[in-house]
Amino acid sequence: MIDLTVIWAGIIGFAVVAYVVMDGFDLGIGILFGLLKAGPQRDTAMNSIAPVWDGNETWLVMGGGGLLAAFPLAYAIILPALYAPMIAMLLALVLRGVAFEFRWRDARHRAGWDAAFIAGSLVAALAQGITLGALLQGIAVAGRAYAGGWWDWLTPFSLLTGAGLVIGYALLGACWLIWKTEGELRERAFAFARVAGLALLLAIGAVSLATLGLEARYYRRWLAFPGVLATAQVPLATLVVTVLFYRALRLRKDVQPFLWALALFGLAILGLGISIWPDVIPARVTIWEAAAPARSQAFMLVGAAVMVPVILAYTGWAYWVFRGKVGHEGYH
Amino acid sequence: MTVIDLARAQFAFTVSFHFLLPAFTIGLAAYLAVLEALWLRTGRGVYANLYRYWVKIFAVVFAMGVVSGLVMSYQFGTNWSVFSDKVGPVIGPLMAYEVLTAFFLEAGFLGVMLFGITRVGRGLHFVATCAVAVGTTISAFWILAANSWMQTPAGCEIAANGQFVPGPSWWAIIFTASFPYRLAHTVIAAFLTTAFAVGAVGAWHLLRDRANPGARTMFSMAMWMAALVAPVQIVAGDLHGLNTLEHQPVKVMAMEGHFQSHPHGAPLALFGWPDQQAQRLRYAVDIPKASSLILRHDPDAPLRGLDTVPRADQPPVIIVFWAFRVMVGLGFLMAGLGLWSLAARLRGRLYESAALHRAAVAMGPAGFVAVLAGWAVTETGRQPFTVYGLLRTADSASPLAAPAVGASLAAFVLVYFAVFGAGIWYVLRLMAKPPEAHEAGLDGRPIRSAGITPAPALAAGEPA
């Protein structure tokens, strides 16, 4: 049954995917930044994302704002439940965001702003991954509020999902550098991508198995017959995509590794959707229980239906403007 | 301190830092659009130079505005989750529209505006600059609509689960009674803030070199704004005040320091020390009947005081009272500087009067201070409610323990002072450099022609 609430779940899901796809690679470059040599390598990596990072991060505002507007109860439960990781993520994004400008304004302290960029990117990715893990493992709800403790989110499982997302973003960052750069930096990016690809596959496998053990409902959702015939396609496709990814690396393609890495992310997100649907807080609150009234959702749907295609069009145009390889000396 | 106090302190701290940045970027983006338009129209290099000069500052300020704004959009949930749950269906969609119509527009075109002119050409680059400028103003529209709804709520119903839910008309929710006045007053404030910052930079460099064409042009433009817009702002502020008297009379009582009702004309307290404990204004310097004259246009009109309001429903008077005086005082000083510049201009001494230039430098931060003071008046004056008259601040906060909120507040204070302190330092350093005469187009040789970022120029030893 398709109703307004399902459509809004789809829109929020789309915003999350758009965020992971776009901010994923620029956070990934931050994660890898410490492994790049100071000077032209770092400058080139920075130049490759400088014109687009701000737009990428806006999808995170869209996800948060959309959640508040369309599913206010979920927003009101999840954010206090994940208080420490959320605050850490926000402060980390502050640090890495200003580093884009500040490192050029202060040559003497550039190493310091580079460190802020690296630490901020790493902590933001880790906090987002931990958030995901904490949602999957379940959070305590009483009435219309979070009812657990302040460190409930911290478990081996959430640390695993946190590490998994850091690896995944690093992979996207490496593939972006393969696409957008040349020479020695591109060679390093190939090396990063080879390691990160395997590490991500292991992380996806570990998270998947651990998820099955978390709650019986996940186990049934994935492995009960005959549903398993459909759900088994997801891990199979993951293996196929991994093979194609490594083939693209071996053939030294420009764009393909990035696209296959995105496909890996897509499959992981699809897997999450299979586990969670139709809850917004797994096993606690369904999307219909958390939904804002139809009047709120309908009013926003008008705006989203008109604006999201327009946004995608001009965002695409902005990427198109800065297409091609980037040098450390810029776009001229 | 209670959890509520800590959460309020955190919100006040983060929103005050944040608000300074859009107050500057709204005006600066419009100024950049004007400069680029003038350059495209006249082809004069001085406009291109000024664009290059201010766009660097804009980039730094904008980056800080984006990241501090991101914090705000999540803080409703971390610290004010009950508020979010209850009013999300009403103000959530307004903020969603802000994201959809403003944030993406600004962010999407910012890259082209900063780095793209040689890639897209002059026409499209101008479109990008305008898109960023329009985006900043659309953003003000939606966030002030949400804020105004919290001040003068309308158009909603209260559902069985305790949520505020929209009534049949979104028009009634967006265009609440205080919204047009707040929007006009705030956007004009942003333009004035920018004008005084630009004017101060121009004046600073005129004091060193009266012949610098960039300094002359920016000073002249800024002083036109001061002379023409500051008086308009006084009128807009007065209208906003009258609107507040109609819809939030308690806020006006606090602004005026009227603890007592005045049935036969209320005095205007120029200064005084509000003692809320004793419910009286100590050491008051009054102008008899002037308050009734201003607010009711009749010196003998009665005005109710805080003695008609239960103590539990009163805002903290001392903050509202003094913030209001700071704002109004600065407003008149700004208008005064505008008139002075007009007189100097008529006598042909706009670029020669060192006294005027020194005054303009001193008034550089005036807009920022006034904006913060005005924000304190309207937000503190709304207390003790988050949704005026309907939802108390005490009933809005997250179910958090005080140490959690205290620790995050400490983290925000540390990071903000370090990061935004550095940012303000970089902005001041950029401002300290005189605008140089490249006399080339925006797509011409100097500046950034060597890169999308000034890396090669820095490597070559040119100070940023």
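Gly111(B) lies in helix H3 of chain B. In this predicted model, Gly111(B) is buried, because 23 other C-beta atoms lie within 10 Å and the cut-off for burial is 20 or more. Leaving aside residues up to four places away in sequence, Gly111(B) touches Pro51(A), Val52(A), Ala318(A), Phe322(A) and Gly116(B). Its list of partners thus includes residues of chain A as well as Gly116 of chain B. Gly111(B) and Trp149(B) are 38 residues apart in sequence. In space, 33 Å separates their C-alpha atoms.

The helix that holds Gly111(B) also has a leading part in the interface between the chains. H3(B) supplies 22 residues, the largest share of the side of chain B that touches chain A. In total, 65 residues of chain B are in contact with 64 residues of chain A. Other elements of chain B contribute to this side. H2, H4, strand E2 (164-166), helix H13 (402-432) and helix H14 (455-459) of chain B each supply at least two residues. By class, the side of chain B that touches chain A has 44 nonpolar, 19 polar and 2 charged residues. For the complex, the predictor gives an ipTM of 0.87 and a pTM of 0.88.

Chain B has 14 helices and 6 strands. Its radius of gyration is 24 Å, close to the 23 Å from the globule rule for 464 residues, so chain B is as compact as a globular protein of that length. Along the principal axes, the C-alpha atoms of chain B fill a box of roughly 65 × 50 × 40 Å. Of the 464 residues in chain B, 54% are buried. Among contacts in chain B with a separation of 6 or more, 75% join residues 24 or more positions apart.

Chain B is divided into two domains. Domain 1 covers 1-176 + 401-464, and domain 2 covers 228-392. Their C-alpha centres lie 27 Å apart. Between them, 11 residues of domain 1 of chain B are in contact with 13 residues of domain 2 of chain B. On the domain 1 side, helix H1 (3-42), helix H3 (81-115) and helix H4 (117-151) of chain B each give two or more residues. H1(B) gives the most, with 4 residues. This side of domain 1 has 7 nonpolar, 3 polar and 1 charged residues. H3 and H4 of chain B therefore appear both on the side of domain 1 that touches domain 2 and on the side of chain B that touches chain A, given that elements are numbered from the N terminus.

The largest nonpolar core has 266 residues. Phe71(A), Ala74(A), Ala174(A) and Leu32(B) touch the most other members. Helix H2 (residues 45-78) of chain B gives the most to this core, with 22 residues. Both domains of chain B take part: at least three residues come from each of domain 1 and domain 2. Ala74(A) illustrates the packing on the chain A side. Leaving aside its neighbours within four places in sequence, Ala74(A) is in contact with Leu67(A), Val280(A), Ile281(A), Val285(A) and Ala290(A).

Chain A comprises 14 helices and 4 strands. The radius of gyration of chain A is 20 Å, close to the 20 Å that the globule rule gives for 332 residues, so chain A is as compact as a globular protein of that length. The C-alpha trace of chain A spans about 55 × 40 × 40 Å along its principal axes. Buried residues make up 55% of the 332 residues in chain A. Of the contacts in chain A between residues at least 6 apart in sequence, 77% join residues at least 24 apart.

Confidence was examined chain by chain. Chain A averages a pLDDT of 88, and 98% of its residues score at least 70. Among the elements of chain A, helix H7 (residues 156-180) has the highest mean pLDDT, 94. Helix H10 (residues 227-231) of chain A has the lowest, 81. The mean pLDDT of chain B is 88, with 94% of its residues at 70 or more. Over residues 445-464 of chain B, the pLDDT is below 50. Beyond near neighbours in sequence, this stretch has 36 contacts in the model. Where pLDDT is low, the predicted coordinates should not be read in detail.

Methods
Residues are numbered from 1 along each chain as its sequence is written. Chains are lettered from A and ligands numbered from 1 in the order in which they are written. This is a predicted model: local features need pLDDT of at least 70, side-chain atom pairs count only at pLDDT 80 or more; totals for chains, interfaces and linings use all residues. pLDDT is the predictor's confidence in each residue, from 0 to 100. Two residues are in contact if their C-beta atoms, placed from the backbone, lie within 7 Å. The radius of gyration is taken over C-alpha atoms; the globule rule is 2.2 Å times the number of residues to the power 0.38. A residue is buried if 20 or more other C-beta atoms lie within 10 Å of its own, exposed if 12 or fewer, and partly exposed in between; C-beta atoms are placed from the backbone. Domain bounds come from an automatic or database domain assignment. Ala, Val, Leu, Ile, Met, Phe, Trp, Tyr, Cys and Pro count as nonpolar, Asp, Glu, Lys and Arg as charged, and the others, Gly among them, as polar. A nonpolar core is a set of buried Ala, Val, Leu, Ile, Met, Phe, Trp, Tyr and Cys residues joined through C-beta atoms within 7 Å.
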